[in-house]
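Hello,

Here is the structure I promised to pass on. Please open it next to this message, and you can follow my notes below residue by residue.

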Amino acid sequence: MPEFEVERHTGQSAVEAWRRLTDWERHAEFIPFTTVRLIPQEPGDSTLPGGFVARTSVGPLHFDDPMEITYWRPPSGGEAGVCRIVKRGRVVTGWAVLTITPTTTGCSIRWREDAAVRYTGTLLAWPTRVVAAQVFGRLVDGLMGSPAPA
């Protein structure tokens, strides 16, 4: 799936928005047919929170989307929070960068992602980008407790 971006603003603090956005298991509430399982951090590494696996299932068909958190800097004071995720699956590869920037009225949220579904080529690129932006937009809206914009 080609790169897409979702941007939102919320009246919540950057710290609260970060807590909600990085509650990986809650993502399953807003992504259809998907469950999320956390992967603990490596022993002795307290700088990164580990990763997670999103499993998408429809009936007996399923695939895992393992993701590793490779950069983790929560918002602090007036500084933005940044999380970088690398997708390491056999079906989906790519990356995502989540940025939460404090503003005078809350914070802005930016989700940039570039992921590829193996073996699909460019034929599905445009529709996949449109659908992914909608799905992840609803994810962010849901996690923030806001309705999707009209």
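Phe-33 sits in the loop between α1 (14-21) and β2 (34-39). This is a predicted model, so please read everything below as computed from it. Although Phe-33 is not a glycine, its phi is positive, at about 60 degrees. Is Phe-33 buried or exposed? With a relative accessibility of 57%, Phe-33 counts as exposed.

Now to the strands. β3 (51-58) and β4 (61-73) run antiparallel and are joined by eight bridges. They form a hairpin with two residues between them, and Gly-59 in that turn has a positive phi of about 60 degrees. At this end, Val-58 has Leu-61 of β4 as its bridge partner. β4 is also joined to β5, again antiparallel, by six bridges. There, Arg-73 stands opposite Val-82 in β5.

A second hairpin is made by β6 and β7, also with two residues between the strands. Strand β6 covers residues 92-103, and 12 bridges join it to β7 in an antiparallel arrangement. One facing pair to look for is Thr-93 and Ala-116, the latter in β7. β7 (residues 106-117) also pairs with β1 (residues 4-10): these two run antiparallel, with seven bridges between them. In that pairing, Phe-4 has Glu-113 of β7 as its bridge partner.

Lys-87 is one you may want to click on. Lys-87 belongs to strand β5 (residues 81-88). Its relative accessible area is 8%, so Lys-87 counts as buried. Which side chain does Lys-87 meet in a polar contact of 2.8 Å? The partner is Asp-65. Leaving aside neighbours within four places in sequence, Lys-87 is in contact with Asp-65, Pro-66, Met-67, Val-92, Thr-93, Gly-94, Glu-113 and Ala-115. Two of these names came up above: Thr-93 as the residue opposite Ala-116, and Glu-113 as the bridge partner of Phe-4.

Next, the interior. The largest nonpolar core has 27 residues, and Leu-21, Ile-85 and Trp-111 are those with the most contacts inside it. Two or more residues each come from β1, α1, β3, β4, β5, β6, β7 and α2 (125-144). Which element gives the largest share of this core? That is α2, with six residues. As for Ile-85, its contacts beyond the neighbours within four places in sequence are Trp-24, Phe-52, Met-67, Glu-68, Ile-69, Gly-94, Trp-95, Ala-96 and Leu-98. Met-67 and Gly-94 are also on the list for Lys-87.

The aromatic residues deserve a look of their own. How many aromatic pairs does the structure hold? There are four, and here are two of them.

- Trp-24 and Phe-52 form a stacked pair, at 4.5 Å centre to centre with 15 degrees between the planes. The two are 28 residues apart and link distant parts of the chain, with Trp-24 in the loop between α1 and β2 and Phe-52 in strand β3. Trp-24 is buried because its relative accessibility is 6%; Phe-52 is buried too, at 4%.
- Trp-111 and Phe-136 form a tilted pair, at 5.0 Å centre to centre with 45 degrees between the planes. This pair also links distant parts of the chain: Trp-111 is in strand β7, Phe-136 is in helix α2, and they are 25 residues apart. Trp-111 is buried, with a relative accessible area of 4%, and Phe-136 is buried at 14%.

Phe-4 joins Trp-111 and Phe-136 in one aromatic cluster.

Finally, the cysteines. A disulfide is a covalent bond between the sulfur atoms of two cysteines. The structure holds zero disulfides. Why is Cys-83 not bonded to Cys-107? The closest cysteine sulfur to that of Cys-83 is the one in Cys-107, and it is 15 Å away, which is too far for a bond. Seen from the other side, Cys-107 is in no disulfide either, with the sulfur of Cys-83 as its nearest at 15 Å. Cys-83 counts as buried because its relative accessibility is 0%, and Cys-107 is likewise buried at 0%.

Do write back if anything here is unclear.

Best wishes

Technical notes: Residues are numbered from 1 along each chain as its sequence is written. This is a predicted model: local features need pLDDT of at least 70, side-chain atom pairs count only at pLDDT 80 or more; totals for chains, interfaces and linings use all residues. Side-chain values use heavy atoms; hydrogens and water are left out. Helices (H or I, at least four residues) and strands (E, at least two) are DSSP runs, numbered from the N terminus. Buried means under 20% relative accessible area, exposed over 50%, partly exposed in between (1.4 Å probe, protein chains only). A disulfide is a pair of cysteine sulfur atoms within 2.5 Å. A polar contact is a pair of N or O atoms within 3.5 Å; within protein, one must be able to donate a hydrogen and the other to accept it, and residues adjacent in sequence count only if both atoms are side-chain atoms. Contact means heavy atoms within 4.5 Å. Two strands pair if DSSP finds at least two bridges between them. A nonpolar core is a set of buried Ala, Val, Leu, Ile, Met, Phe, Trp, Tyr and Cys residues joined through side-chain atoms within 4.5 Å. Rings of Phe, Tyr and Trp (its six-membered ring) pair if their centres lie within 6.5 Å; planes under 30 degrees apart count as stacked, over 60 as edge-to-face and the rest as tilted.
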